[in-house]
Amino acid sequence: NEKEALIQKINREYNHKIADVKMNRFLKNRQKKEKIKMLEEQRKKEIAFVQYRYEKSKRYDVGFGKKQ
């Protein structure tokens, strides 16, 4: 369904960003950990927002992603 597809897309994007940070030879380990933690928090927020929008649209029987 649309919600799951959006969540999968978010996860793929953040997995790629995190992998880039891990492979960055110019960052120290502490910097990598901080950046990865920040990316994980951003991912959680984006997924929570998608879930909120989906639940809200179900509650009011409005199409997901459509303007009201």
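How far apart are the end C-alpha atoms of H1, and what span should its 22 residues have? At 1.5 Å a residue the helix should span 32 Å, and its end C-alpha atoms are 32 Å apart, which agrees. The expected span here is 1.5 Å times one less than the number of residues in the helix.

## Ground rules

This is a predicted model, in which local features need pLDDT of at least 70 and side-chain atom pairs count only at pLDDT 80 or more, while totals for chains, interfaces and linings use all residues. Residues are numbered from 1 along each chain as its sequence is written, and side-chain values use heavy atoms, with hydrogens and water left out.

## The chain overall

The chain has 2 helices and 0 strands. Both kinds of element are DSSP runs numbered from the N terminus (helices are H or I, at least four residues; strands are E, at least two). H1 takes in residues 2-23, and H2 covers residues 29-59.

Of the 68 residues in the chain, 21% are buried. Buried means under 20% relative accessible area, exposed means over 50%, and partly exposed is in between (1.4 Å probe, protein chains only). About 5,900 Å² of the chain is exposed, with carbon and sulfur atoms supplying 51% of it; these areas come from the Shrake-Rupley method with a 1.4 Å probe, and for residues only the protein chains shown count as cover.

As for contacts (heavy atoms within 4.5 Å), take those between residues at least 6 apart in sequence: 53% of them join residues at least 24 apart. For a distance across the sequence, look at Glu2 and Tyr54, which are 52 residues apart in the chain but 9.1 Å apart in space, C-alpha to C-alpha.

## Helix H1 and its two sides

The buried residues of H1 are Lys3, Ile7, Ile10, Tyr14, Ile18 and Val21. Seen down the axis of H1, they fall within an arc of 65°, so they line one face of the helix. That arc is taken from the directions from the helix axis to the C-beta atoms. On the other side of H1, Arg12 and Met23 are exposed.

At the start of the helix, Asn1 caps the N-terminal end of H1, with a side-chain oxygen 3.1 Å from the backbone nitrogen of Lys3. Glu2 sits in H1 as well, and Glu2 is partly exposed at a relative accessible area of 47%.

## Salt bridges

The count comes to 4 salt bridges, where a salt bridge is a side-chain nitrogen of Lys or Arg within 4 Å of a carboxyl oxygen of Asp or Glu. One of them is in H1: Lys9 pairs with Glu13, and the closest N and O atoms are 3.5 Å apart. Lys9 and Glu13 are 4 residues apart in that helix, about one turn. Lys9 is partly exposed at 43% relative accessibility, and Glu13 is partly exposed at 32%.

Over in H2, Arg30 bridges to Glu34, with the closest N and O atoms 3.2 Å apart. Those two residues are 4 apart, again about one turn of the helix. Arg30 is exposed at 63% relative accessibility, whereas Glu34 is partly exposed at 46%.

H2 also holds Lys44 and Glu41, which are 3 residues apart and so separated by about one helical turn. Their side chains meet in a salt bridge at 3.6 Å, N to O. Lys44 counts as exposed, with a relative accessible area of 52%, and Glu41 is partly exposed at 36%.

How values were computed: Polar contact = N/O pair within 3.5 Å; in protein donor to acceptor, adjacent residues only side chain to side chain.
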